[in-house]
Amino acid sequence: HKKGVDGIYLNLLDKVPLDLYIAFVTGVVALLIAAFALLIAYFSGGYDLAALALVLACVCALVTGLLALSVILTFATRLKKGEWWRNNVIFMVLRLIWKVLRLFGQKIAFIAGNIPLIWKTAIVYTVMSLLELTVIICTDKQTIALWWFAEKIVVTAVVFFSVIDLKKLSKASEEIASGNLEYKVDTRNMIGDFKRHAESLSSISDGMQKAVNDRMKSEHFKTELITNVSHDLKTPLTSIVNYVDLMKKEDIQPEKAKEYLEVLDRQSKRLQKLTVDLLEASKASTGNIQVNAEKTDINVLLSQAIGEYEEKFNEKGLEVITSLADEGTCIKADGRLMWRVLDNIINNICKYAMENTRVYVNTALSGGKVSMEFKNVSKYPLNISSDELMERFVRGDASRHTDGSGLGLSIAGSLAELQGGKLFLTIDGDLFKVRIVFDEYKGE
C-alpha cells in the first residue's frame, strides 16, 4: 500500500514481468554459487578453508534469501492485485501469437464469407478430390480402405448436419410465409451460410412484424379519428337538419331565400349521410358490428333489393336483366347486413351507370360457391384500377361532381368479409362488374 493511493500499489519491481524477474533471480543465485565454488578453489591453499567457506556460505545464503523473499513479496502483491499472469513475457508472447492467428482467421473468414456458395462448394470438392488422389498415390492398398472409411464418416456427418440446417430454414420459411412473424430460427450449432441465412430470415420476420404493428397503429388511429369526428358532428348536424325542416314550413320571403334554403337542406342532408357512412365504414373495417348469420335465400333478397330501386332504374332508363340460380339457393349471412351490401352496390349503379343501357344481375351456384354478379356500363371514363376503387373516399369520376361519399363499395366489401364472403371488382374499359362470392349453405 502507499499513502494517498487507494487499493494495492505496484512499485517498480512489481511492474517487471514476473517470469523475467524469476529468471534474473535464478541467474544471480547461480552466479553466487559459481563464485562461491571458484573462491573456495582459489583460496584453498593459504587460508583457513573452513572459516572462509563459512563466511562465503553465509553471504550466499543471505543474498539468496533476500532475492527469494523479493520474489515471494512481489508475487503476493501481484496475486492480490489480480490477473498476475498477464505481466509475464510468456503470456505476452502467447497473446501476440493469438492476436496474429485471430486476425489471420478473421481475414480468411471474411474472404470465405464473400465467396459465393457455388464457388465454396467447388473449392471444397476440389480440395477433397486432391486429398483423395494424394492418399491413393502415397499410401499402400491396405490403408486406402481405412482412409476411405474415415472420409465417408466426415462427409456423412457434414451432410447430416447440413440437412438438419436446411430443414430448420425450410420450417422457418413456411412459418413466416403463413403469417407467424413471431417464429425465430434456432441458430445454435449453425455455421457459415446456413447461419447467415437463418439470421436474415429472423431479420425479415422482425421487419415484417414492425411494419404490421406500425400499420395496425396507423389504422387504429385513423379509425378512432373518424369515429370521434363523426360522433362530434352528429349532434350539430341533427340540429341543422331539424331547423332547416322547420324553416321550410314557414312562408319565407323573398323567393331567393327559399332557393338558398333548398341548397342548405340538400347539403346538410348530404353531410349527414356522409357522417353516417363514416361511422359505418369505421365499424365495418374494424369488425365492430354484430353479425347474426342465418340461412338466407339470395334470390329472394336480391329480387327485393331490385324492386326497391325500380323507380330509380326507370328514371335513368336502365333495363335490368336478371338471371337467377335455381330456387332455394341459400347462403349463411346476416340479412340486415346483406341488404346493406346490395343497397350500396345497386345505389352505386344508379349513380354511375350510363343512362338508357342495360344492367345485368346474375346469381349462380358452382362448386359449392354462390356468386352474385352485377354488370353495367359506366357513364364516366374508368381511368382507375379496381383496387384503387375499393379504397375509401375514391370514386370513378375524377371530377367528383356527384353526391357520393366514395365509401359505398368499401363498406360493401367490409360487410361482405364480416359475413364470410368476398367482394371482387373488375373494370374492362367502361364495363364495371361487381362479384360477391359466399359458400353455399347446406344446413337445415
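In what order do the five strands of the open sheet lie? In this predicted model, the order is β2-β4-β5-β7-β6, and the pairing is mixed. The edges of the sheet are formed by β2 (319-323) and β6 (422-428), each of which pairs on one side only. From one strand to the next, the twist averages 15 degrees.

At the β6 edge, the neighbouring strand is β7 (residues 431-439), and the two run antiparallel, joined by seven bridges. Within this pairing, K422 stands opposite V437 of β7. Two helices can be placed against these strands. Helix α10 (residues 335-352) packs on the sheet and touches β4, β5, β6 and β7. The direction of α10 makes about 20 degrees with that of β5. Helix α8 (residues 298-308) lies across β2, β4 (358-366) and β5 (369-377). Relative to β4, helix α8 runs at about 170 degrees.

Attention now turns to charged side chains. Side chains of opposite charge can pair when their charged atoms come close. A search of the whole structure finds nine salt bridges, and several of them can be described in terms of the elements introduced above.

One of these salt bridges joins R358 and E319, with an N to O distance of 3.7 Å. Because R358 belongs to strand β4 and E319 to strand β2, this pair ties together parts that are 39 residues apart in sequence. How accessible are the two partners, R358 and E319? R358 has a relative accessibility of 47% and counts as partly exposed. E319 is likewise partly exposed, at 42%.

A second pair is formed by E373 and K433, whose closest N and O atoms are 3.9 Å apart. Here the residues sit in strand β5 (E373) and strand β7 (K433), so the salt bridge ties together parts that are 60 residues apart in sequence. Is E373 buried or exposed? At 17% relative accessibility, E373 counts as buried, because buried means under 20% relative accessible area. Its partner K433, with a relative accessible area of 24%, is partly exposed. The pair also belongs to a network of salt bridges that links E373, K375 and K433.

A salt bridge within a helix offers another case. K171 pairs with E175, and the closest N and O atoms of the two are 3.1 Å apart. Both residues lie in helix α5 (residues 141-177), where they are four residues apart, about one turn of the helix. K171 counts as partly exposed, at 37% relative accessibility.

The nonpolar part of the surface deserves a look as well. Which residues form the nonpolar patch on the surface? The patch consists of L20, V89, I90, V93, L94, I97, W98 and L101. Together, these residues have about 780 Å² of accessible area. Helix α3 (residues 89-113) supplies the largest share of the patch, with seven residues. V93 has its place in helix α3. With a relative accessible area of 42%, V93 is partly exposed; V93 can therefore meet the accessibility cut-off for patches, which is over 30% relative accessible area.

Terms used: Residues are numbered from 1 along each chain as its sequence is written. This is a predicted model: local features need pLDDT of at least 70, side-chain atom pairs count only at pLDDT 80 or more; totals for chains, interfaces and linings use all residues. Side-chain values use heavy atoms; hydrogens and water are left out. Patches are made of residues with over 30% relative accessible area and no salt bridge: like charges are joined within 9 Å, nonpolar side chains (Val, Leu, Ile, Met, Phe, Trp, Tyr) within 5 Å. Accessible areas come from the Shrake-Rupley method with a 1.4 Å probe; for residues, only the protein chains shown count as cover. A salt bridge is a side-chain nitrogen of Lys or Arg within 4 Å of a carboxyl oxygen of Asp or Glu. Buried means under 20% relative accessible area, exposed over 50%, partly exposed in between (1.4 Å probe, protein chains only). Two strands pair if DSSP finds at least two bridges between them. Axes are lines fitted to C-alpha atoms, for helices over the stretch in contact, and angles run from 0 to 180 degrees between N-to-C directions. Contact means heavy atoms within 4.5 Å.
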